[in-house]
Amino acid sequence: MKACPHGGKWLEREQPGPSCLDFSANINPWGPPEALGEAWSGLFRYVSVYPPLDQSYCRLAIARLTGLSPETILPTNGAMQAIALLARRLPMGSYQILEPLFTEYNRTFSLEGKRIVHRILFPQEAETTMGGIFLEKDLRGLILGNPGNPTGASYSLPFLEEVIEQCRKKGTLLVVDEAFQDFMEERTSLAQRTGDLPGLFVVRSLTKFYSLAGLRGGYLVAHPDAVRKLEAHLEPWSINAVLSRALWILADTELGPFRRRTHENLCREKKYFLDSFLRWDKTVTLFPSETNFFLAKAHLPSSDLPDLLADQGILVRSAADFWGLDRQFFRFAVKTHPENQLLVKALGECLEYV
């Protein structure tokens, strides 16, 4: 069994073979919210129903769920459709990506003819390197993750404010991936700023925090004028009927207990990993994370740790295809405590024999 090149294992349909524990996809293990499970049988009838063509149905549900202004929201088929839409419709020119970042930004923007400039900048280094971000002349856009994937780290609000100001002065568009901001309790989110910043585009996910990966929910937050223009180029029926109804169930539910439980559990399990990895501080570096996954670096020149773990039925995400990283880096999700214990046990066994 080989480690996944992208997060998430392919759906198996009655195929024989060893089962695996999947740490490669960063999905909230304490979701979906109970209200959705209780209403699930009633959602079956929507399988045979066309979803609404009018985006306002889902837009209002997301607005109620997030507290954002409806006119700044464009619902999409997962964050991936939002990324692809921006890649298609933003002006041609040079786009600088602060790496490492979700690989689809490089792929989709490149496919649409944009010139990509890669700039390696871990968030921990950002405070002292502000002047180096805009070295490229005539930059049309800047793309960054907050928090980043695969680093799990967020840029500080003062740094982000300086980036916004620099982009405003230079006329540079700013694309910010906030797919994992829910796990940070929105501490450094820029989504509320889009109403007065026409050049700011914030990509958000509904699949990670609410555990809806199979339903493919996401949205773009931007200035109302930009939302109207982008909506005209969105494919019809982008949001399926089941998700459309599920969003309203979530919007009509008091989700405070679900959010608190998720954050409390996440804090506890992250501490478990931080404590557990102390025993391997000479062989594995665990990078600080503000979200529901960790980036790690194994100092093992001749061994591929993700493949060794996969042989034990544990899937983690090899980070070798992220710009600026290599086969020594891997990313893993934070899951429930029994599952996390299995990963720590398997990792210890792997490191014992390499």
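A salt bridge here is a side-chain nitrogen of Lys or Arg sitting within 4 Å of a carboxyl oxygen of Asp or Glu. Counted that way, this predicted model has 16 salt bridges. The idea behind the rule is simple: side chains of opposite charge can pair when their charged atoms come close.

One of these pairs is R59 with E231, whose closest N and O atoms are 3.0 Å apart. That pair ties together distant parts of the chain, since R59 belongs to helix α2 and E231 to helix α7, 172 residues apart. R59 is buried, at 11% relative accessible area, while E231 comes out as partly exposed at 27%. Helix α7 also hosts a salt bridge between R228 and D225, at 2.2 Å from N to O. These two are three residues apart in the helix, so about one helical turn separates them.

Another pair is D321 and R317, with closest N and O atoms 2.7 Å apart. D321 is partly exposed at 43%, but R317 is buried at 1%. Elsewhere, salt bridges with shared partners join E178, D182, E186 and R204 into one network.

Some of those names turn up again in the second largest pocket, which has a volume of about 260 Å³. Its lining is made of 16 residues, with L65, T66, D182, E186 and R204 nearest the centre. By class, that lining splits into six nonpolar, five polar and five charged residues. Helix α2, strand β7 and helix α9 each contribute at least two of them.

Turning to the surface, Y50, L53 and W237 make a nonpolar patch of about 410 Å². Y50 lies in the loop between α1 and α2, and counts as exposed because its relative accessibility is 66%, with the cut-off being over 50%.

Conventions. Residues are numbered from 1 along each chain as its sequence is written. This is a predicted model: local features need pLDDT of at least 70, side-chain atom pairs count only at pLDDT 80 or more; totals for chains, interfaces and linings use all residues. Side-chain values use heavy atoms; hydrogens and water are left out. On a 1 Å grid over the protein atoms alone, a cavity is a set of points where a 1.4 Å probe fits but cannot get out, and a pocket is an open set with protein on both sides within 12 Å along at least five of seven lines; lining residues have an atom within 4 Å of a point. Grid points are joined across faces, edges and corners, and a volume is the space filled by probe spheres set on the points. Helices (H or I, at least four residues) and strands (E, at least two) are DSSP runs, numbered from the N terminus. Ala, Val, Leu, Ile, Met, Phe, Trp, Tyr, Cys and Pro count as nonpolar, Asp, Glu, Lys and Arg as charged, and the others, Gly among them, as polar. Patches are made of residues with over 30% relative accessible area and no salt bridge: like charges are joined within 9 Å, nonpolar side chains (Val, Leu, Ile, Met, Phe, Trp, Tyr) within 5 Å. Accessible areas come from the Shrake-Rupley method with a 1.4 Å probe; for residues, only the protein chains shown count as cover. Buried means under 20% relative accessible area, exposed over 50%, partly exposed in between (1.4 Å probe, protein chains only).
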